[in-house]
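Visitor: Please take one close look at the region where one chain meets its neighbour, and follow it into the strands behind the contact. I would like a single connected account with the terms explained as they come up.

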Amino acid sequence: METAEASSNLKKIQVQRFKPESDPDETYLTEETGIWSWLTTVDHKKIGIMYLASITFFFFIGGLMALLLRTELWTPAKTFIEANTYNQLFTLHGSIMIFLFLVPSVPAALGNFILPMQLGAKDVAFPRLNLLSYYLYLAGAGIAVFAILNGGIDTGWTFYTPYSTSTGGAVTTMTFGVFVIGFSSILTGVNFITTIHKMRAPGLTWDKLPLFCWGLYATSIIQILATPVLAITLALVAMERILGIGIFDPALGGDPVLYQHFFWFYSHPAVYIMIVPGFGVVSEVITTFSRKHIFGYWAIALSSLAIAFIGFLVWGHHMFVSGQAALASMVFSFLTFLVGIPTGIKMFNWTATLYKGSIDLKSPLLYIFGFFFLFLVGGLTGIVLASIALDVHLHDTYYVVAHFHFVMVGGMVMAFLAGLHYWWPKITGKMYNEILAKIACAIIFIGFNVTFLPQFVMGSQGMPRRYFNYIEQFQPFHQVSTIGSYILGFGFVMVFYYLVKSIFRGEKAPANPWGSRSLEWQVASPPPLHNFHHTPVIVNGPYDYHKPMDEFQLGLAESGNGHGHESDAELHTDGKSIEAE
Amino acid sequence: MNLFNDLLNWLNDLFLPPAKSTLAHQTDALFWFVHLSSFVLTIGLIAVIVYFIIKYRRQSEDEVTPLITHNNQLEVTWSVIPLILVIVVFGWGYKVFVNQQVVPDDAYEVNVTAQKWLWRFEYENGATSTGQLHVPEDRPVKLVMSSNDVIHSFFVPAFRIKQDVVPGRYTEMWFNAPDPGEAQVFCTEYCGTGHSDMMATVVVHEQGEFEDWLAENSGGGSKPDDLSPAEWGEQLTQQNACRTCHSIDGSKMTGPSWKGIFGHEATLSDGSTVTVDENYIRESILEPEAKIVEGYQAGLMPTYQGQLNDKQINAIIEYIKTLK
């Protein structure tokens, strides 16, 4: 009886197998051409590429500033630039890298391109809003550049009051720029959450959602909830500067520590905005190149959400020496340690995924192994800093500088590069030079460690951050670090060179060069304008590497809207019948 | 055990500044516990990954992998063990932090004022010093700190302590330096142009020596007998951190250089000119905003009204005269 009832609820849909074309005539790149079609496009793929070009530009600007800073630190006091210029440079390096590169890097560039394809959707839920997000980002970046040229800012990317409300320069303009970029971030978050909820292809249940989508989902929640607080805080700073209303400045009756609470309430979760999408990339790349089902799917998916949630409750760990109450410090310290647990769980699960896999050491996987080591060091030094007594000694020293560069560059940028290499054939339809990619990965890994490992040592010895001048005892460390930064810079330029070269001279990429089971690889490279010529039907999960390839690449046999949630389907593929759960 | 201690001492010398306070060793012990256990974990995990990479390297394109979705026992294990570890680190860190926070009752109190870009210390008997914090050995010292402008932070690496110094409120910290000697002080909250030059030294005296220093400096200080007025002036410009912004070799810093300045004409920001003489220098020390030299920013130099007496100002003028 039960069986009969159950089967009466089943909706039968006819599916057939669609093999992707190996050499498509029409792709999203060829169907609408010309500069105007790009500037007004609502295609998530083109918007993703525009983001990619923009963040690459700002990454190299921010990177150039880092090299200038490192060169200046070759000797104590003035090497070739003045103290005030130095202070402006480190402020811009931080602001550009965080607001113009890291925050939009994986979500807005790779996420935009890949997310709808992984869901089997034609586009994101609100394509026009998506374009607006991009232009808000561009407008915010423009305002920030205007601020830089028109007085500059020397507050550090943290804009701490009362320094930021009393110093000269274009702080108000800059905060307005960041304010505008914040809206771009919020709108992207709204768009992604709606897309994940409403646009999944038939059969794509929550337990078959690729972990990259789970990462973006968690990220979007943080973007929506945290970014408005940044907007409010920056608006308050502007009010204090322009109207003289005392909010943070004690001379006007305000409280400078209040600012830090507001600022970190956004900026700590923002760290997770930057790293959680990177976790998603790791899960995709590791399964594809070990050809193995992910170990602990739900542990990884839910740990992203746990990080997003607990991440909101730890901001006070930036303020252990600010004068906040000892009790508050204790609570924040404890909660900070808790964030370490879901992060550790992810590391262990990824490692376990490799067990009995079929590991192919292609360049995306090499970047992921780079990520593993660097993020592990970054995460464990985070445990050191979460311990209050140790933070009292290490706070605002180079130890902290090294820690967040290990997490942000060693973790996030490595994951971003892994994702970029992984999806590059899908995005451009071209293969890059694999040998050069492996060499560049090694150069970046070495350069990174030479740059930042010495910073842990000098930070432990007491070298404070944001120092133009320093006592002589630190010079050898600074010089090694500077040499490392040149190696690192060379590595990034090399990646840029071979990737751009591949667009013009690269071999044509097949539809699925890595043999991935994920949906975005079941269409041609580059994809058609509307991603799928058919409505895809999902029977197997994205990590079902134990199943043969011909159980993937499925689509509705007849045309129809198909955007339902029928997880039960009886399938006939090439006359073969598959019993699906 | 001895070997382990030797190793720890060696690591301490390599990675941490010399420990010069009674609590520093508590911080160091925790520092090494977390770092060494993290090191073991890192090596362990990397070793497993490297082993997997070698063992499960792809041999052919048709390889099929087994379906392993999860293992509850394993996952609980690697969640609970780290949880226990971090709770240990949390509790330990909090305990040391409480020791750092709770000031002993018999602490000797010094008031600290921070401003761009100097540290000024005031003692019970009215003695003041700038750039040098004088304290007795082997006695708890409590610092009551406040800022005159933006947020600064008082950091003594050798004592493993740090505390932000905030305008509009008082913050406190304490330490006990068991042995005479010196320790470096940094400002660790970014405060503008001279941030990295905002340094000071903690001078730890033997008890008797400290009493002598206090007595000598009560009431603001007078010229030591063994110094000429210009030499005393030079010492004062160092103690009051004048040279953070004013060079004596002609190089341009935050403020005008003093080299060859005396007797010369300076152009002011309003276009007028002034001869640099005794009166101008005196006025610039007491009312820095009155006349700003062209090309320099107003609002940076603090007033020394009430900090320097006439004899000290005279000595500084004598010193500037010698910088030809």
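A helix pair and the sheet of chain B

Guide: H12(A) and H2(B) are roughly parallel to each other, a label used for angles under 35 degrees. The model is a predicted one, in which local features need pLDDT of at least 70 and side-chain atom pairs pLDDT 80 or more, while totals for chains, interfaces and linings use all residues. Residues are numbered from 1 along each chain as its sequence is written, with chains lettered from A and ligands numbered from 1 in the order of writing.

The two helices are H12, residues 326-354 of chain A, and H2, residues 24-55 of chain B, and they pack at about 25° with their axes 9 Å apart (lines fitted to C-alpha atoms, with angles from 0 to 180 degrees between N-to-C directions; helices are DSSP runs of at least four residues, strands of at least two). On the H12(A) side the contact is made by Met347(A), Thr351(A) and Leu354(A), and on the H2(B) side by Leu45(B), Val48(B), Ile49(B) and Phe52(B), contact meaning C-beta atoms within 7 Å. By class, this helix contact has 6 nonpolar residues, 1 polar residue and no charged ones, where Asp, Glu, Lys and Arg count as charged and Gly as polar.

Taking the chains as wholes, 67 residues of chain B are in contact with 71 residues of chain A. H2, helix H3 (72-101) and strands S6 (152-156) and S7 (161-165) of chain B each supply at least two residues of the side that touches chain A, and that side has 37 nonpolar, 20 polar and 10 charged residues.

S6 and S7 also lead into an open sheet of chain B, whose 5 strands follow the order S4-S10-S9-S6-S7 with mixed pairing (two strands pair if DSSP finds at least two bridges between them). S4 and S7 of chain B stand at the edges with a single partner strand each, so one side of each is left without a neighbour in the sheet. Direction ignored, neighbouring strands are turned by 25° against each other on average.

Within the sheet, 2 bridges join S6(B) to S9, residues 181-187 of chain B, in antiparallel fashion, and Phe155(B) stands opposite Phe186(B) in S9(B). Helix H4 (residues 207-217) of chain B packs on the sheet, touching S4 and S10, and its direction makes about 130° with that of S4(B). S4(B) and S10(B), the latter spanning residues 200-205, run parallel and are joined by 5 bridges, with Val203(B) as the bridge partner of His134(B).

Key
Angles under 35 degrees count as roughly parallel, over 145 as roughly antiparallel, 65 to 115 as roughly perpendicular and the rest as oblique. Two residues are in contact if their C-beta atoms, placed from the backbone, lie within 7 Å.
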